[in-house]
Amino acid sequence: MLQYTIKRLLTMIPLLLVVSFVVFMFIHFIPGDPARLMAGQDANIEEIENARDALGLNDPILVQYTTYLSSLLQLDLGESYRSGIPVIDLISDRLGPTLILTLLSILWALVIGIALGIISAVFRDRFPDRLGMLTAVSGISLPNFWLGLVCIQLFSVQLGWLPTGGVNDGLKSYILPSFALGAGIMAMIARFTRSSLVNTLKQDYIRTARSKGLKNDSIIYGHALKNSLIPVITVAGLQFGFLLGGSVVVETVFSFPGLGQLLIDSINYRDYPVIQSLILFFSVQFIMVNLLVDLLYGLFNPKIRYE
C-alpha cells in the first residue's frame, strides 16, 4: 500500500504542473486588463505600464510561469486587488466554514443514502423500494438553489425555526445549507448502494451463506454490504471533491461566508489573484480526494492488492 501511495503521488506531479499552468494562463485570457484594474480606472498609460511591470506581465510567458510556480511552492498566492490582503489569508479565513459545511453535507448524505439503499435492496420491487427510489429521484432532480430557497421560505420565514443565512447561530446555521447541498449526493449514494447491494446478493457466496443457515441480517451486514460499498466509496469521494468546489450556488443563496461566496465576490470585483488561487485550490483538492478514495479501497476490501 505504501509503495502504491508513493507511485500515485509521483504520477500526480505532472498533473499538478499542468493544472498550475492552466490556472496561471487564466489571467491572460480573461477580459479586461489586470494592470488597469490595479492602477485604477483614472490611471494614465504610464501608470498602467508601471503596473504591468510590477505584475511581471511584460516578461516572457515562461518567465512569468516560473515566477508563479516558485511563489506557489512558497505558498505565496499574491495579494487581493480589492483589499490588499494576502490571498492565502483570505482563503484560510473562509476555508473553515466551507469545510464544515461540506463535511456535514457528505456525512448526512452517506448515512441516509446508504440506509435508503439497503432498505431498497432488501425490499426490492416492494413498497419500501419504490418509496426509497422515489426519494432518490426527487433528490437528484431538484436543483440545490431551488431547494435552498424553499427551505428558507418554509423553515426560516414561515416557521422561524432556523436562520436564513450566515454562521452567527452556530450549528443551526449549517442545517439548511448542508441539506440543500447534500440532497443530490444522498440520492446518488442511495441509488448506487441499492444497485451494488442487489448485484452482490445474487453472488454464489451469498447463496452459500444462506444454505448454511445464516440469518439474513448477518448475510447483509456481515458479508454483502462490505463488498457493495466499493462503488459507493468512489461516488462519495468524487462527490466530496465536487462539493468543495460546487458550494458556490448554495453559499450564495444562504449568504454563507465560505470559499464559494468569496469566489462570487471576487468575480464581481474582478479580483484576479483570488479567482486564480481559488480555481487552483479546487483543482488540487479534487486530485487529492481521488488519491484518498483509491487508498480507502484497501480498507473496505483487504483482498484488493495494488501491484
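**Figure 1. Helix α7 gives the nonpolar surface patch its largest share, four residues.** The model shown in this and the following figures is predicted. The patch covers about 510 Å² and is made by L142, F145, W146, L149, V150 and V249. One of these residues, L149, lies in helix α7. The relative accessible area of L149 is 46%. Because residues between 20% and 50% are classed as partly exposed, L149 falls into that class.

**Figure 2. The protein chain is built from 13 helices and has zero strands.** Followed along the sequence, the elements give the pattern α-α-α-α-α-α-α-α-α-α-α-α-α. The protein chain contains 307 residues, and 42% of them are buried. Its accessible surface amounts to about 16,800 Å², and carbon and sulfur atoms account for 64% of that surface. Among contacts with a separation of 6 or more, 73% join residues that stand 24 or more positions apart.

**Figure 3. The largest nonpolar core of the protein chain comprises 46 residues.** The residues with the most contacts inside this core are I114, I118, I185, I189, L197 and F254. Two or more residues of the core are supplied by each of the helices α5, α6 (127-141), α7 (144-158), α8 (172-200), α9 (204-211), α10 (216-246) and α13 (272-300). In soluble globular proteins, nonpolar side chains tend to be buried together. A second, separate core holds 24 residues, including M12, V19, V23 and V248.

**Figure 4. The surroundings of I185 include residues from elsewhere in the sequence.** I185 is among the residues with the most contacts inside the largest nonpolar core. When neighbours within four places in sequence are set aside, I185 is in contact with I106, A109, Q239 and L243.

**Figure 5. S120 is a buried residue of helix α5.** The helix spans residues 87-122. Is S120 buried or exposed, given its relative accessible area? The value for S120 is 0%, and S120 is therefore buried, since the class of buried residues lies under 20%. Residues up to four places away in sequence are not counted among its partners here; beyond them, S120 touches P128, D129, G132, M133 and R194. Helix α5, in which S120 lies, is also one of the elements that give two or more residues to the largest nonpolar core.

Methods: Residues are numbered from 1 along each chain as its sequence is written. This is a predicted model: local features need pLDDT of at least 70, side-chain atom pairs count only at pLDDT 80 or more; totals for chains, interfaces and linings use all residues. Side-chain values use heavy atoms; hydrogens and water are left out. Buried means under 20% relative accessible area, exposed over 50%, partly exposed in between (1.4 Å probe, protein chains only). Contact means heavy atoms within 4.5 Å. Accessible areas come from the Shrake-Rupley method with a 1.4 Å probe; for residues, only the protein chains shown count as cover. A nonpolar core is a set of buried Ala, Val, Leu, Ile, Met, Phe, Trp, Tyr and Cys residues joined through side-chain atoms within 4.5 Å. Patches are made of residues with over 30% relative accessible area and no salt bridge: like charges are joined within 9 Å, nonpolar side chains (Val, Leu, Ile, Met, Phe, Trp, Tyr) within 5 Å. A salt bridge is a side-chain nitrogen of Lys or Arg within 4 Å of a carboxyl oxygen of Asp or Glu.
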